[in-house]
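Here are some friendly notes to read with the model open beside you. Take the points one at a time and find each residue as you go.

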Amino acid sequence: MRIASDAPRTILGAGLLVGLQGLTGLIFAVILLIHAAGGASTPGSNIYGEAAYFTVLAGGVLAVGIGLLLGKHWARGPAIVVQLLLLGVAWYVFGPSGRPEFGVPFGLFVIGTLVLLFHNRSSEWAQGDEEAQS
């Protein structure tokens, strides 16, 4: 069974990676809720609000990943924007946070996703070039 018959493999690969990012964000939101239920909240923090925030953001990222997997042209633009934002997060984790063991692999993951999104076949597909579709 093929997910999207008109999208090139580069778009489908990017859709899988972006969808994985969205699922990871949703898992993070659930972990926040578990910690809040366990009493890990500190005075002045709103873990429930933070979990809701991450749920909305991760849900949007997951929707973009699903859109790419379904071959929707609209999903490529938001996917690129999300990757550029996450590249900044990877830089922050690598540098100012002092955790290169997390920042480097995450940055490489994001760069790999960007490479798929900017691949020639992906760009031609996004512009509607019939020869790029496979």
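1. Start with the residues that line the largest pocket: 13 are nonpolar, four are polar and none is charged. Keep in mind as you look that this is a predicted model. The space inside this largest pocket comes to about 680 Å³. Its lining has 17 residues, and Gln21, Gly25, Phe54, Leu86 and Phe106 are the closest to the centre.

2. Which helix gives the most to the lining of the largest pocket? The answer is α1, with six residues. Still, the lining is shared: α1, α2 (47-69), α3 and α4 (100-118) each supply at least two residues.

3. Now turn to how α1 (residues 9-37) meets α3 (residues 76-94): their axes come within 11 Å and cross at roughly 55°. With that angle, α1 is oblique to α3, and the crossing is left-handed. On the α1 side, the contact is made by Ile11, Val18 and Gln21, while α3 brings Arg76, Ala79, Val82, Gln83 and Leu86. Sorted by class, this contact of α1 with α3 has five nonpolar residues, two polar and one charged. You have met two of these names already, as Gln21 and Leu86 are among the residues closest to the centre of the largest pocket.

4. Next, look at α2 against α3, where the axes come within 9 Å and cross at roughly 135°. α2 and α3 are therefore oblique to each other. Their crossing is left-handed. Val61, Val64 and Leu68 of α2 touch Arg76, Pro78, Ala79 and Val82 of α3. In this contact of α2 with α3, six residues are nonpolar, none is polar and one is charged. Notice that Arg76, Ala79 and Val82 of α3 also take part in the contact with α1.

5. Finally, are α3 and α4 roughly parallel or roughly antiparallel? They pack at an angle of about 160°, with their axes 8 Å apart. Angles over 145 degrees count as roughly antiparallel, so that is how α3 lies to α4. This crossing, too, is left-handed. Many residues meet here: those of α3 include Arg76, Ile80, Leu84, Leu87 and Phe94, and those of α4 include Pro100, Phe102, Val110, Leu114 and Phe118. By class, the contact of α3 with α4 has 18 nonpolar, four polar and one charged residues. Leu86 of α3 and Phe106 of α4 both belong to this contact, and both are among the residues closest to the centre of the largest pocket.

Methods. Residues numbered from 1 in each chain as written. Predicted model: local features only at pLDDT ≥ 70, side-chain atom pairs only at ≥ 80, totals over all residues. Heavy atoms only, no water. Axes fitted to C-alpha atoms, helices over the stretch in contact; angles between N-to-C directions. Helix = DSSP H or I, 4+ residues; strand = E, 2+ residues; numbered from the N terminus. Parallel < 35°, antiparallel > 145°, perpendicular 65-115°, else oblique. Left-handed = near helix turned anticlockwise from the far one by under 90°. Contact = heavy atoms within 4.5 Å. Nonpolar A, V, L, I, M, F, W, Y, C, P; charged D, E, K, R; others polar. 1 Å grid on protein atoms, 1.4 Å probe; cavity = no way out; pocket = protein on both sides within 12 Å on 5 of 7 lines; lining within 4 Å. Points joined across faces, edges and corners; volume = space filled by probe spheres on them.
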